[in-house]
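Work through the exercises below with the model open. Each task is followed by a stepwise solution.

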Amino acid sequence: MSVALENLPYLLRGAGMTVLLSVAAAVPATLAGLCMALARRRTPWLGSLLDGWLFLMRGIPLIVLLVFVYFLLPRTGLDLPPFWGVTLVLAAYYAAFMSEVFRAGFDALPNAQWEAGRSLGLSEPLLLFHVIGPQALRVALPAHLNLCASLIKGTSLASVIGLWELTLASLEVVERTLAPFPIFLSAAGIYFTICFALDRLARRLEVANG
Amino acid sequence: MAEPMLRLDSIEKRFGEVDILRGVSLDVQRGEAVVLIGPSGSGKTTLLRCINMLEDYHAGSVSLDGAPVGYRLEGRERIRMRDSELAAVRADIGIVFQSYNLFPHMTVLANIMLAPMKVRKLSRDEAEARARDLLLLMGLADKADLHPAQLSGGQQQRVAIARALAMRPKIMLFDEVTSALDPERVAEVLTAMRQLASEGMTMVVVTHEMAFARDVADRVVFMEGGLIVEQGPPQQLFGNPAAERTRQFLGRFMNAEGRTCG
């Protein structure tokens, strides 16, 4: 186990990158998912467009998408650094699923809540912010949390296109030390800890709001 | 006669192929309590919901205190109001629903304070003072910090009335507000409504509570098939209805009254 301990600082630096990548992708994915869920309520034709996108994302493995964008992007003349390329793919991929989660949250509320708010003279933004949003988000939170955990683990695929993060760092250490078991066990422990911490944080937020 | 508080002029409403309202006109004077009665499917709830545009109507016009609700007429064209205009008009129309529709994630107090603060721009202190006064009026002063789920149906419905009143509406609409309550709770809600009527609030009430209609209404309107069949003071409508259909509808009620009173 001393191999694992010796290399822990290196792995933790990789984990730092994993967290950075996760936050950079999860924040825009969440915001975009929320906007899309709201937009499709008002604009029906947008619904079929978003459905098409969702089907596409649902049917393509994330790793295929990552590799595809990695090779395609330079050809379009858009030369994004790998970090931003991966962030873009992760955000676009998970935004599609998050929009579904938020849509389910909005749909779970009875129409009567909208009617009660409207009949008090609340404008749509006020109604969304004070009445519909807090209730819909509470419904959507557990599923959203699952997607965030999935996204965090999904960042490990970035190692395939050479973006240095926890998984690539582990692979490097294993190559050097020829000790795959303790190193990958450490990596697994770190991933678990990140996801577990997120879960605890979200539950605390839930309690604070409830 | 003075301009009515509410004027409904030839309201028509369809759901698909079905005519729900077939040209209903009704004036409600300031301070008047009008009770709409009629069999299920007669269009009374739909009519009530057209007053604040929770239901769109296909023809006719609604005006509150002389100002149009829902549609403006420009020449011969009906222009639907923008959402923001509609919100401003709705702020003056209080409505209480059968299923209370309180906001479950807020306390009783927050339910009542939200719209006065956000729409009427009252300060937090003003809104809270107003909310506590109304809770006192409704006999719920000690419930301010509870959530709706912690209250009985009758208490929730009285909070809903307080929430609507906190906007100081020009008119109050009640849509079968006692239908979801058990008989013991019905009385406490009806008492609150009686009090409002006696204080001169303009009210339109859809109800199956005939005793309430008889005692509180200034005018009872009997609807069927999307039309007003007959209307008049309660003594006339309940005592000597002109239309055979009204007589038929009220028959059971009048017989029951006869037995208990006579």
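Two strands count as paired if DSSP finds at least two bridges between them. The model is predicted.

**Exercise 1.** Find the sense in which strand 1 and strand 4 of chain B pair, then place them in their sheet.

*Solution.*
Step 1. Strand 1 (residues 6-15) and strand 4 (residues 59-64) of chain B share 5 bridges, and their sense is antiparallel.
Step 2. For one facing pair, take B:Leu6, which stands opposite B:Leu64 in strand 4 of chain B.
Step 3. The open sheet has 4 strands in the order 2-1-4-5 (chain B), with antiparallel pairing. Its edges are strand 2 (18-28) and strand 5 (67-69) of chain B, each of which pairs on one side only.
Step 4. On average, neighbouring strands of this sheet are turned by 30° against each other, direction ignored.
Step 5. Now add the helix. Helix 1 (residues 44-51) of chain B lies across strands 1, 2, 4 and 5 of chain B and runs at about 120° to strand 1.

**Exercise 2.** Trace the open sheet of 6 strands in chain B and explain its edges.

*Solution.*
Step 1. The strand order is 8-9-10-3-11-12 (chain B), and the pairing is mixed.
Step 2. Strand 8 (93-96) and strand 12 (227-232) of chain B each have a single partner strand, so one side of each lacks a neighbour in the sheet.
Step 3. The average turn between neighbouring strands here is 20°, direction ignored.
Step 4. Look inside the sheet. Strand 9 (residues 171-175) and strand 10 (residues 203-206) of chain B pair in the parallel sense over 4 bridges. B:Asp175 stands opposite B:Val206 in strand 10 of chain B.
Step 5. Helix 5 (residues 153-165) of chain B packs on the sheet and touches strand 8 and strand 9 of chain B. The direction of helix 5 makes about 175° with that of strand 8 of chain B.

**Exercise 3.** Classify the packing of helix 1 and helix 7 of chain A.

*Solution.*
Step 1. The axes of helix 1 (residues 2-42) and helix 7 (residues 166-177) of chain A come within 7 Å and cross at roughly 155°.
Step 2. Angles over 145 degrees count as roughly antiparallel, so helix 1 of chain A is roughly antiparallel to helix 7 of chain A.
Step 3. The crossing of these two helices is right-handed.
Step 4. Contact residues include A:Tyr10 and A:Leu11 of helix 1 of chain A, and A:Ala169 and A:Val173 of helix 7 of chain A.
Step 5. By class, this contact has 7 nonpolar, 5 polar and 2 charged residues.

**Exercise 4.** Which side chain meets B:Asp83 in a salt bridge?

*Solution.*
Step 1. The partner is A:Arg42, at 3.5 Å, N to O.
Step 2. The pair crosses between chains, from helix 2 (residues 83-90) of chain B to helix 1 of chain A.

Conventions:
Residues are numbered from 1 along each chain as its sequence is written. Chains are lettered from A and ligands numbered from 1 in the order in which they are written. This is a predicted model: local features need pLDDT of at least 70, side-chain atom pairs count only at pLDDT 80 or more; totals for chains, interfaces and linings use all residues. Side-chain values use heavy atoms; hydrogens and water are left out. Axes are lines fitted to C-alpha atoms, for helices over the stretch in contact, and angles run from 0 to 180 degrees between N-to-C directions. Contact means heavy atoms within 4.5 Å. Angles under 35 degrees count as roughly parallel, over 145 as roughly antiparallel, 65 to 115 as roughly perpendicular and the rest as oblique. A crossing is left-handed if the near helix is turned anticlockwise from the far one by less than a right angle, and right-handed if clockwise. Ala, Val, Leu, Ile, Met, Phe, Trp, Tyr, Cys and Pro count as nonpolar, Asp, Glu, Lys and Arg as charged, and the others, Gly among them, as polar. A salt bridge is a side-chain nitrogen of Lys or Arg within 4 Å of a carboxyl oxygen of Asp or Glu.
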